[in-house]
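Please find below a note on the side-chain contacts of this structure. It takes the charged pairs before the aromatic ones.

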Amino acid sequence: MAHQEAPKEVIPLMTPYKMGQFELSHRVVLAPLTRCRSYGNVPQPHAAVYYSQRATKGGLLIAEATGVSATAQGYPQTPGIWTQEQVEAWKPIVDAVHRKGGIFFCQIWHVGRVSNNGFQPDGQAPISSTDKQISPDRGGPRRFPQSGMVYSKPRRLRTEEIAGIVDDFRRAARNAIEAGFDGVEIHGAHGYLLEQFMKDSSNDRTDEYGGSLENRCRFAVEVIDAIVCEVGAHRVGIRLSPFVDFMDCVDSDPVALGNYMIQQLNKHEGFIYCHMVEPRMAIVDGRRQIPHRLLPFRKAFNGTFIAAGGYDREEGNKVVAEGYTDLVAYGRLFLANPDLPRRFELGAPLNKYDRSTFYTQDPIVGYTDYPFLEEDINKSAIEA
Ligand SMILES: Cc1cc2nc3c(=O)[nH]c(=O)nc-3n(C[C@H](O)[C@H](O)[C@H](O)COP(=O)(O)O)c2cc1C
């Protein structure tokens, strides 16, 4: 009798997927992670090690939030992409990812009021939709996690200044393509500048950028349109978090906000992806559970959908198998497991993440020193 092999287990996260022109070999995406190791806002050679460790052939990586201008900064040592020096510094990092066959998008951001005068080039107030400071009573911490600096009172952007910020985003996208990135992800989430305009808790404007939902989203839509025009819809994705209340940015109708933004994205044929963050995890019967509120958006969006926020192997496989999302982005688990897709494939145990080194500035510790599976195996063989 012919020997019959047991059927191979299908792992939904490890199945291939075509995202626009990109052939992904699996659905485990590196979520954007600010790591505060880009000294003087210039990406460093150690980032080439960090990102290439996490790159796989046909795997999608999203780079950490990267400033579009000198006023875009709000955390220590975060990278930018508005100067030629920064563009040149990104090139070897992008190359390192491409050499391993990875697909690399750059997340471009402006922090708006999530900043302090000390981060601003002229020592002036950070800019925002509003002049209201982040309130610690409504989802916003009062101080920066590392430095202990307070979030400063922002300056409300004048209507005629907004076109200039849109242009900063456009130029940053152009620079990202020049640096070799496969595309850009617009950071429209987590209470940063674009969301400060979108959400009604932080937009108290009376001009055409405030008031109605359409007006509040106008700035983000102008950024999307400008970037699509500059680099093509096939290279533009966006991250949105209508349900998240981080940094005191809350909307009274997150479903309407998400739907409106999806409609705007669908106007651009071939807009590559919409990356959405789940609401905060709920505690059900003593267990943390992902609320799974993104399905209506996934159904409405014409392009690739990425879900993020609290996923592990089991939940990721489940949502891909059910068609809830196309791809799943992993933050903390990928931070601590450079070979996360491989570990998911094997069902191998995971390294634990060390929160205390998330935002520290060491080029190795908590950054490139998380062990790979093979190292674990070798180590245990030596210890045995
Ligand atoms: C250290 C750290 C840095 C982060 N930096 C960013 C960032 O630059 N841009 C962004 O959109 N989200 C950022 N996030 C949020 C993650 O991308 C992700 O949405 C979040 O960690 C939840 O996913 P997880 O449960 O898989 O970690 C960060 C999260 C962590 C823990």
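**Note on salt bridges and aromatic pairs**

1. The coordinates come from a predicted model. Within this model, 21 salt bridges are found, and a search of the whole structure gives 16 aromatic pairs. The points below discuss examples of each.

2. Glu 160 and Arg 158 are joined through their side chains by a salt bridge, with an N to O distance of 3.2 Å. Glu 160 has a relative accessibility of 60% and is therefore classed as exposed, the cut-off being over 50%. Arg 158, at 46%, counts as partly exposed.

3. A salt bridge also connects Asp 167 with Arg 171, where the closest N and O atoms lie 3.5 Å apart. Both residues belong to helix H3 (residues 162–178); because they are 4 residues apart there, about one helical turn separates them. Asp 167 is partly exposed, its relative accessible area being 29%, and Arg 171 is likewise partly exposed, at 34%.

4. Arg 170 pairs with Glu 230 in a salt bridge whose closest N and O atoms are 2.9 Å apart. This contact links distant parts of the chain: Arg 170 is in helix H3 and Glu 230 in helix H5 (residues 213–231), 60 residues apart. Arg 170 is partly exposed at 22% relative accessibility, and Glu 230 is partly exposed at 23%.

5. Which residues are linked with Arg 170 and Glu 230 in a network of salt bridges? The network also includes Asp 167, Asp 168, Arg 171 and Arg 174. The pairs described in points 3 and 4 thus have their residues in this network.

6. Turning to the 16 aromatic pairs, one of them is formed by Trp 90 and Phe 181, which meet edge-to-face with 5.2 Å between centres and 65 degrees between planes. The two residues come from distant parts of the chain, 91 residues apart: Trp 90 is in helix H2 (residues 84–99), and Phe 181 is in the loop between H3 and strand S9 (183–188). Both Trp 90 and Phe 181 are buried.

7. Tyr 330 and Phe 344 form another pair, with ring centres 5.1 Å apart; their planes are at 65 degrees, so the arrangement is edge-to-face. Because Tyr 330 lies in strand S15 (residues 327–330) and Phe 344 in helix H10 (residues 340–346), the pair ties together parts 14 residues apart in sequence. Tyr 330 is buried, at 1% relative accessibility, and Phe 344 is buried at 1%.

8. Finally, Trp 90 and Phe 181 belong to one aromatic cluster that also contains Tyr 50, Tyr 51, Phe 104 and Tyr 367.

Technical notes
Residues numbered from 1 in each chain as written. Predicted model: local features only at pLDDT ≥ 70, side-chain atom pairs only at ≥ 80, totals over all residues. Heavy atoms only, no water. Buried < 20%, exposed > 50% of the residue type's maximum accessible area, 1.4 Å probe, protein only. Phe/Tyr/Trp six-rings, centres within 6.5 Å; stacked < 30°, edge-to-face > 60°.
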